[in-house]
Structures are given as structure tokens and as C-alpha cells.
Amino acid sequence: MKSQIEPVNPTLSKNTTELGAWVLPIGHGASVAIGQYELKYIEYIKTSITLPGLPAYCEKGFQWRDHFIPMLDLYSLAERRRIPMAEGEQMVAIIAYENLQGEIHFGAIFLQGIPKLMPVKPQQSVAVTELDTAWRLLSHAAFRDQEILYPVLDLRCLFDKTPADLLVLH
Amino acid sequence: MNPIDDFLLDNVLPDKKPLTLAPQANLLASELALMDCGEISLLIPTNEIISLVSAQQLVAQPQSSFDCGYLEFEQQYYSIFCFNKSLQLQPSMNPESTTMVLFNAQNILFGVCCHELTKQNATGLTFHAVPPSMRSRKQPFTEFAILDNRAVGLSSVAALIALLRLRGAKLISQPGPASALLGAG
């Protein structure tokens, strides 16, 4: 599985260099991006499961098709403050990533809005160092669209590290 | 299943590598007890439990900032500990705690407060490994089951001792009955 932004349409990509990214609203107007094929499902979660001894941003997960899916509240992680989750259903983006052992795992990102698939051209790419400090070490690329800077998340970094390792990195 | 799922299942789900399934726990030879501590729940092998004692018998005189009191049981002293959701040690017992579960591991005697302790058949449970992004060295378990929409960690007395030590509690092996009181000084 590739971790970079993928072509929106393989046929189209032969003639253009347009790429595709999902833009995920994570709260308070903030959005992040992931590669087109990294987003697998959008789900509404009715019941979440909390594990003890964890920071708020990563303490919840849910059961989904015989899997337990860990869920990250990226706004809480980036801003280092908790957004109270609304009662009832929560919308999440279920993503897939390849860990260091080459196994495919699922994770979920808590959403505050509907994701949008966006075409991205190479000339929109910007250096990761232009991102806010909070996002630099969690992203492996970045692009600009209509004056908005989007971090492209490094999903392996986010989901394959323990919270202690991630907070040190962050 | 919604239309997005249908589409993605047919078109997107990677098929080159098998998905990692939730691991089956090494089901223990002994029965398990479900220790409901309110904000956390643990499964403990029943053969590691010495006894259950009513919380009313707690001598609520903490011997350190880590325990919430002690208990004398069969001429031996047990320091009693109470965990909160963050797996920190509480200086007092929660009002909802009705039971103290007593443990003895290599003459380390201690007890943990809980709301309720019930037998649990492990054969019907599916255990999940704690995902990397939800792992903490403070958790006294690496696998958990889901019961009534709550995570229940598969733990042991050794894992509880490790957590207590990590939290600063000094656990001393007692050579005989009625020796020095446990707990940090």
C-alpha cells in the first residue's frame, strides 16, 4: 500500500500529473489530508470503547467487522486540548496503513465534517517545514489549496507509535 | 451496509495482504474473574485470588500516599489500593467500592478495591491486542475483551504488581504472618 497521495484516476494520471487527497475536517475549521487510497470507509459510530491510562486524544476505539479500531482525535492531539465529543453518533474516517512489519492495519480519525476528495497538482506541494509546528512531525507532505495549507498525514507514524512515543515526537 | 461501503469493499480494500485478525487469547487453564473497578475492568485468573473481603473491613489509615488503607486477614497485613481511570492510585476508597480482592504473589500481599467481582467464562470471549496507538506501559494488560460495551483487560497479579511499582508503591515480601506493614514509607 502506498502512503503518498495517489492519482485520482489512473487513466487520467497518464495524461496529467493530478493527484488525489481526501481532506478531513477535524474540528474548529482545521483540516488534514490523507492519500486517496488510504481512506477506506466513512462510518457513523454509535458506541465507542475507552481504554484506561491514555491521553484523551487516543483513549477511544470501536468494534467494526470483528476488528477493534483505534480512533484518534487529531485536533486534541495537535492543539493539546480536548474537544468534548458530542453525544450520540460520531463520524469517523477508517483508514488503512502498513506497519513496519508490512502488515495492513486499520485506524480511525474522528471527523467534525464530511471529507472531501480534492485533486492536487504537484505545483501545489509545499515543504513540510511550512506547516505549523504541531503538524510537521506528523506529516510526510503538505500542499496548498486556495491559500489553505493542508498537512498530509503520515498514518504509520500516527497509528504505529505508542502515545508516549508520539507525544515525545510531537 | 451503506453505498460507500459497498463501493469501497469492491474497489478499494487492498487484497494483496491478509488483514490482521483480532488475536485469540491464550485461554487460561484456570477460570477468570471479572474485577469491575468502576472506571476500569480487569480479568484476573481466579487461582491468583486469595480471598474477597467486604470493603467495610478496611482500616482507612493510609500508610503512604499510594494506598488507601490496610486490612488484617488471617494474621497478615494487606495494603489496599484503589485505581482510577488514569490507572493512578487513589488515597481513599471510592464510595461505590464494596469489595477488596486480596492477592499473594511470592509473599507480596496486597488488595485492590472493586465494585464487584464475578466469575467469567473465557471461552466465549474474543480478545483483541491493544493497538500500538493505545498502548501504555501503565496498562496491566496487553489484550482485552469487550463486555457490555466496556473494555476488560486480561491481567494477572504479576501485571498488577508491576503497575503498583510503576506508580511508586513499595511492595515488600512478607516472610511470615503479621510482619511489617506494606506500602511506601
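**Helix 2 of chain B and the nonpolar core**

In this predicted model, helix 2 (residues 157-166) of chain B has B:V157, B:L160, B:L163 and B:L164 buried.

Q: What makes B:V157, B:L160, B:L163 and B:L164 of helix 2 in chain B count as buried?
A: The cut-off is 20 or more other C-beta atoms within 10 Å of a residue's own. These four residues of helix 2 are classed as buried, so each of them meets that cut-off.

Q: How do you know on which side of helix 2 of chain B they sit?
A: Look at the arc: they cover only 120 degrees around the axis, which puts them on the same side of the helix.

Q: Which residues does the face turned away from the buried side carry, and what makes them exposed?
A: That face of helix 2 of chain B has B:R165 and B:L166. Exposed means 12 or fewer other C-beta atoms within 10 Å, and both residues are classed that way.

Q: What covers the buried residues of helix 2 of chain B?
A: The cover includes strand 5 (76-81), strand 6 (99-105) and strand 7 (108-114) of chain B.

Q: What happens just after helix 2 of chain B?
A: B:G168 takes a positive phi there, about 105 degrees.

Q: What makes up the largest nonpolar core?
A: It has 93 residues, and A:I34, A:I95, A:I109 and B:F81 have the most contacts inside it. Strand 8 (residues 90-98) of chain A gives the most to this core, with 6 residues.

Q: How do you know that A:I34 is in contact with A:I95?
A: Contact requires C-beta atoms within 7 Å. A:I95 is one of the contacts of A:I34 beyond four places in sequence, including A:W22 and A:L155 as well.

Note on methods:
Residues numbered from 1 in each chain as written. Chains lettered and ligands numbered in written order. Predicted model: local features only at pLDDT ≥ 70, side-chain atom pairs only at ≥ 80, totals over all residues. Helix = DSSP H or I, 4+ residues; strand = E, 2+ residues; numbered from the N terminus. Arc of directions from axis to C-beta. Contact = placed C-beta atoms within 7 Å. Core = buried A, V, L, I, M, F, W, Y, C linked by C-beta atoms within 7 Å.
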